[in-house]
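Work through the exercises below with the sequence and the coordinates open side by side. Each task is followed by a solution that proceeds step by step.

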Amino acid sequence: MKKLVSMAAALCLTGLGGAGATATEKAMAGAQVDPFWRNASIYFLLPDRFANGDPGNDRAYGRKDDAELLRGFAGGDLRGLLDKLETGYFRDLGVTALWMSPVVLNHTGPVTKRDPLWPAAWVRTTPVCDWNNFAGNVHCALTSNLPDIRTGSEQPVDLPPHLLAKWRREGRLQREQRELDAFFARTGYPRAPKYYIVKWLTDWVREYGVNGFRVDTAKHVEPEIWAVLKREASLALAQWKADNPDKKLDDRSFFMLGEVYHFGVDDFGPTKGRVYDFGDRQVDFFAYGFDSLINMGFAQHAAQSPQAIFSRYSSALHGGALDGLGVLNYLGSHDDHHSFDRERKQPRAAALKLMLAPGAAQIYYGDEIARPMIVKNAGGDASMRSLMNWQDLERKTTQALLDHWRKLGQFRRANLALGAGEHSKLADQPYTFSRTLEGEPPVLVALGVETGKKSLPVYGLFADGTLLKDYYSGTESPVVQGRVHFDTDSDLLLLGVTPERE
């Protein structure tokens with residue numbers, strides 16, 4: 001909730017489902033996060049920069065082509081996203097969830113002639129955050145021109161006049177008021193700003209079946225409201241699934257992913273285990289509704305060797321401070337100046353580290369085809385939001401890189417143990433490791449094997465006669481006397497039990 005509305009950066013995810021225990025109760029009970037999410041491949045995209053499916057709407061709402069480089073609208077739209085979805089682009093990449101930037105404003109500002117300042121009972125513009133302690137992160141405004149919702153207030157407020165006028169113009173004033181009356185009567189919450197916003201956000205869930213939120217700037221809001229949002233979103237999703245049994249994808253619970261800036265695995269930044277340290281207050285965001293947090297440390301850890309990363313993360317996620325919880329690793333993002341390999345000098349190695357690492361993986365749009373992250377004359381973080389470089393697929397090298405990502409993604413998607421399982425190094429040369437997860441088939445990975453004919457022991461992971469598939473080459477081999485034999489032109493093996501054929 002700084003801005004709560006930024007949670008409408010909705011994850012358009014594969015299915016999630018019903019209500020149940022609160023996040024705090026789950027944390028106290030030691031419940032583990034669904035392995036599906038601990039192994040997920042989440043594709044993060046900015047629709048405006050991804051694909052232009054309808055050039056006719058490029059100048060909607062009076063837009064002009066007069067902004068600084070990469071600071072204005074570029075024409076991408078939901079039609080372009082749907083086109084790629086319908087042609088199987090994400091399926092081929094092994095993606096299990098989509099996360100997109102909001103299709104509405106992130107917060108109530110900035111203040112412009114078109115978007116006036118909300119009433120003082122709703123927002124504050126001072127003091128500006130100084131980041132020194134809990135209050136300096138939460139009870140403040142990020143900047144003087146980004147009005148901050150008064151999320152700490154429990155005082156009832158009236159709806160802003162300009163919002164009432166908008167609803168009246170659109171012919172939905174009475175319906176909106178009836179829904180608000182019903183929400184506050186059911187919940188008993190005071191009509192404070194944060195509860196209005198919880199209602200409006202969960203409307204996306206109740207109306208469209210949105211099954212997860214990626215919460216922006218989560219640490220800049222009182223953590224208690226996140227648990228409220230999670231509870232209400234869970235109820236809304238359960239209602240949607242009950243009303244739409246033919247449309248639901250599965251029975252998973254509502255998923256909530258948080259961005260807590262500087263949170264990371266293995267005491268990265270102000271992180272102490274699973275707790276974020278503000279200096280004068282420590283907050284466990286996992287106890288306030290979050291199933292997973294973005295791992296801000298991976299972009300820097302990615303410079304290390306695969307074994308250093310994999311063993312470090314596995315220790316934290318299995319028996320360590322983050323045991324059974326979810327983290328989302330990433331190489332680059334829209335605003336992280338420390339993104340790994342921004343010059344795209346080692347895109348294949350970067351893909352291997354991200355997609356084979358314990359935890360879930362965030363693919364930032366264009367990682368898979370080396371979209372430029374440094375654009376000449378683009379100021380600040382605009383370079384990291386460049387247009388998707390579809391034209392580069394005419395190059396064989398780009399096609400080969402995309403194929404590399406697809407193979408890694410399909411391997412991850414087919415094997416929950418890869419991201420959610422426990423890591424064990426089995427050999428140094430070739431570098432070989434396994435991942436095991438109770439109730440799931442294990443996986444065996446070897447990097448740096450000989451090209452051509454090769455033989456690999458299975459280290460007791462699979463019984464003789466088991467048919468294993470190499471997800472990189474697509475070929476198969478039975479286990480014979482504890483070994484498998486392949487003849488491929490690649491230097492790696494991604495081995496899992498061959499899926500049952502229909």
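**Exercise 1. Enclosed space**

How many cavities of 30 Å³ or more does a search of the whole structure find?

Solution. The model is predicted, and the search returns 3 cavities of 30 Å³ or more. The next step is to take the largest cavity, which holds about 80 Å³ of space. Its lining consists of 13 residues, and those nearest its centre are Arg214, Ile294, Ser333, His334 and Asp335. Sorting the lining by character gives 6 nonpolar, 3 polar and 4 charged residues.

**Exercise 2. The disulfide**

Find the disulfide of the structure, describe its geometry, and state which parts of the chain it ties together.

Solution. The structure holds 1 disulfide, and the partners are cysteine 129 and cysteine 140, with sulfur atoms 2.1 Å apart. This separation satisfies the cut-off, which asks for sulfur atoms within 2.5 Å. Turning to the torsion, the angle about the S-S bond is 90°, and the link of cysteine 129 and cysteine 140 is right-handed. Cysteine 129 belongs to the loop between strand 4 (123-124) and helix 6 (134-138), whereas cysteine 140 belongs to the loop between helix 6 and strand 5, so the bond ties together parts that are 11 residues apart in sequence. As a last step, check the accessibility of the pair: both cysteine 129 and cysteine 140 are buried.

**Exercise 3. Buried or exposed?**

Classify valine 138, proline 160 and glycine 380 as buried or exposed, and describe the surroundings of each.

Solution. The classification needs two cut-offs, since buried means under 20% relative accessible area and exposed means over 50%.

- Valine 138 is found in helix 6, and it is buried because its relative accessibility is 0%. Its C-alpha atom is 8.8 Å from that of threonine 151, a residue 13 places away in sequence.
- Proline 160 sits in the loop between strand 5 (148-149) and helix 7 (161-169), and its relative accessible area of 0% makes it buried. Once residues up to four places away in sequence are set aside, proline 160 touches Trp118, Pro119 and Trp122. For tryptophan 122, which is 38 residues from proline 160 along the chain, the C-alpha separation is 8.5 Å.
- Glycine 380 lies in the loop between strand 13 (360-364) and helix 14 (396-414), and it counts as exposed because its relative accessibility is 53%. Leaving out neighbours within four places in sequence, glycine 380 contacts Arg71 and His337. The C-alpha atoms of glycine 380 and histidine 337 are 8.8 Å apart, although 43 residues separate them along the chain.

**Exercise 4. Strand pairing**

Determine which strand pairs run parallel and which run antiparallel among strands 2 and 3, strands 6 and 7, and strands 9 and 10.

Solution. Strand 2 (residues 41-45) pairs with strand 3 in the parallel sense over 4 bridges, and within this pairing isoleucine 42 stands opposite alanine 97. Strand 3 (residues 97-100) is covered on both faces, with Ala97 and Trp99 buried on one side and Leu98 and Met100 buried on the other.

Strand 6 (residues 212-215) is likewise joined to strand 7 by 4 bridges, in the parallel sense, with glycine 212 opposite phenylalanine 255. Both faces of strand 7 (residues 255-258) are covered too: Phe255 and Leu257 are buried on one side, and Met256 and Gly258 on the other.

Strand 9 (residues 275-277) and strand 10, by contrast, run antiparallel and are joined by 2 bridges, and tyrosine 276 faces valine 283 across the pairing. These two strands belong to an open sheet of 3 strands in the order 8-9-10, with antiparallel pairing. At its edges are strand 8 (271-272) and strand 10 (282-283), each of which pairs on one side only.

**Exercise 5. Backbone exceptions**

Locate the cis peptide bonds before proline 127 and proline 430, and the positive phi angles of aspartate 341 and arginine 344.

Solution. Most residues other than glycine have a negative phi, and most peptide bonds are trans. Threonine 126 and proline 127 are joined by a cis peptide bond with omega about -5°, and proline 127 lies in the loop between strand 4 and helix 6. A cis peptide bond also joins glutamine 429 and proline 430, with omega about -10°, and proline 430 is placed in the loop between strand 14 (422-427) and strand 15 (431-437).

For the phi angles, aspartate 341 has a positive value of about 55° and lies in the loop between strand 12 (326-330) and helix 13 (347-356). Arginine 344 also has a positive phi of about 55°, and its place is in the loop between strand 12 and helix 13. Aspartate 341 is buried at a relative accessible area of 13%, and arginine 344 is buried at 18%.

Methods. Residues are numbered from 1 along each chain as its sequence is written. This is a predicted model: local features need pLDDT of at least 70, side-chain atom pairs count only at pLDDT 80 or more; totals for chains, interfaces and linings use all residues. Side-chain values use heavy atoms; hydrogens and water are left out. Two strands pair if DSSP finds at least two bridges between them. Buried means under 20% relative accessible area, exposed over 50%, partly exposed in between (1.4 Å probe, protein chains only). Contact means heavy atoms within 4.5 Å. On a 1 Å grid over the protein atoms alone, a cavity is a set of points where a 1.4 Å probe fits but cannot get out, and a pocket is an open set with protein on both sides within 12 Å along at least five of seven lines; lining residues have an atom within 4 Å of a point. Grid points are joined across faces, edges and corners, and a volume is the space filled by probe spheres set on the points. Ala, Val, Leu, Ile, Met, Phe, Trp, Tyr, Cys and Pro count as nonpolar, Asp, Glu, Lys and Arg as charged, and the others, Gly among them, as polar.
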